[in-house]
Amino acid sequence: MAMLRVALLALLAAMATSAGAQEWPSRPVRFVVPFPAGGSTDVGARLVGDLSRSLHQQIVVENKSGANGNIGIETAARSVADGYTVLVTTDAVSSNPHVYKANIDPLKELTPVIQLARQPIVLASHPSLGVASLAELIALAKEQPGLRYATGGGVGAQHMVAQWFASIAGIKLEQVPYRGGAPAINDLIAGHVKLGSLGSTPLIPHYKAGTLRLLAQSTQARSPSLPEVPTYQEAARLNSAINAALAETAIRDGFLQSGQEPVGGSVEAFSQLFRRDFDTYARLVKELNIKAD
């Protein structure tokens, strides 16, 4: 599965006719954000809203949240196609039609304008969870299956990243979908939910303040905004490199000639073996009354 990220997009209600004879814009422009105020998409829309100075017209940001963004997306698509309604959304506009019953066809009813930005989806934890890395989270999740994590919506990139990670790691995580990023972050900071798979933008101040930890980010390379936070791929890279080495004939022969059988395999398989061995030795030490000299 390719690494997912939040792509911030601007789209117009499809232009059936020209915006008219007057030079655009001759009146205020509406930016429809399909998520609540305070989330990544809202932040991006308001930053771009500063265009009002160069356009000499007011830009009004309108939050139309609900149904994982579908309400706002449909609101924009059904607006008059005159160039004065702009949808500022995430790639939910691309994923939602494949998951939810869609009342519009975004490919036909929306006109792409520009990709505004991209940001990683980050896995954040509350300090009280007691984990500071993916490895520590995996170990905890094996002891406590079904750890809950917050997302800013239903089925979407944030959910997919977390479930992809859980599948690779051989653990079970339970999604808690919120109406948007802002309410999810509020509950995460308060410790009502201890994990979050969310867009990075609104989390950065809390991370820098030490009220949240960032365990991983979803982009292939580290974001310039978070150079010290490892990517999900980095956590799996060493395993991949060693597996590739063990597949080389010279290295395999070297192990065999020294009386060792090369094994390799996935992170989750080794994690399960490690846990089984740990439990076995605990039982044997107790049963056999083994003590250190």
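Student: In which helix is glutamine 158 found?

Tutor: This is a predicted model, in which local features need pLDDT (the predictor's confidence in each residue, from 0 to 100) of at least 70 and side-chain atom pairs count only at pLDDT 80 or more, whereas totals for chains, interfaces and linings use all residues. Residues are numbered from 1 along each chain as its sequence is written, and side-chain values use heavy atoms, with hydrogens and water left out. Helices are DSSP runs of H or I with at least four residues and strands are runs of E with at least two, both numbered from the N terminus. On that basis, glutamine 158 is found in helix α7.

Student: Is glutamine 158 buried or exposed?

Tutor: The classes rest on relative accessible area with a 1.4 Å probe and protein chains only: buried is under 20%, exposed is over 50%, and partly exposed lies in between. Contact means heavy atoms within 4.5 Å, and, neighbours within four places in sequence aside, glutamine 158 is in contact with Ile121, Thr151, Gly152, Gly153, Ser197, Leu198 and Gly199. Because its relative accessible area is 19%, glutamine 158 counts as buried.

Student: What span does helix α7 reach from its first C-alpha to its last?

Tutor: The expected span of a helix is 1.5 Å times one less than its number of residues. Helix α7 covers residues 157-169, and its buried residues are Ala157, Gln158, His159, Val161, Ala162, Phe165, Ala166 and Ala169. After α7 comes glycine 170, with a positive phi near 70°. With 13 residues, α7 is close to the expected 18 Å, since its own reach from first to last C-alpha is 18 Å.

Student: Which residue in the loop between β1 and β2 follows a cis peptide bond?

Tutor: Most peptide bonds are trans, and most residues other than glycine have a negative phi. The bond that starts at tryptophan 24 is cis, with omega near -5°. In the loop between β1 (5-13) and β2 (29-33), the residue at the far end of that bond is proline 25.

Student: Alanine 67 and asparagine 68 each have a positive phi of about 55°; which of them is buried?

Tutor: Neither alanine 67 nor asparagine 68 is a glycine. Alanine 67 lies in the loop between β3 (59-63) and α3 (70-77), and asparagine 68 is also placed between β3 and α3. Alanine 67 is partly exposed, because its relative accessible area is 46%. At 15% relative accessibility, the buried one is asparagine 68.

Student: Which element gives the most residues to the lining of the largest cavity?

Tutor: A cavity is a set of points on a 1 Å grid over the protein atoms alone where a 1.4 Å probe fits but cannot get out, and lining residues have an atom within 4 Å of a point; points are joined across faces, edges and corners, and a volume is the space filled by probe spheres set on them. The whole structure holds 2 cavities of 30 Å³ or more, and the largest has a volume of about 90 Å³. Of its 13 lining residues, the closest to the centre are Asn70, Ile73, Pro97, Ala102 and Ile104. Two or more residues come from each of α3 and α4 (92-95), and the most, 3 residues, come from α3.

Student: How many residues in the lining of the largest cavity are nonpolar?

Tutor: Ala, Val, Leu, Ile, Met, Phe, Trp, Tyr, Cys and Pro count as nonpolar, Asp, Glu, Lys and Arg as charged, and the others, Gly among them, as polar. The lining divides into 3 polar, 2 charged and, as nonpolar residues, 8.

Student: What is the relative accessible area of serine 125?

Tutor: Serine 125 is placed in strand β5 (residues 110-125). Beyond its neighbours within four places in sequence, serine 125 is in contact with Val131, Lys194, Leu195, Leu212, Arg213 and Leu215. Serine 125 is classed as buried because its relative accessible area is 0%.

Student: What is the mean pLDDT of the protein?

Tutor: Confidence stays under 50 over residues 1-5, for which the model has 20 contacts beyond four places in sequence, and also under 50 over residues 16-21, with 4 such contacts. In the protein, 86% of residues reach 70 or more, and the mean pLDDT is 82.

Notes:
On a 1 Å grid over the protein atoms alone, a cavity is a set of points where a 1.4 Å probe fits but cannot get out, and a pocket is an open set with protein on both sides within 12 Å along at least five of seven lines; lining residues have an atom within 4 Å of a point.
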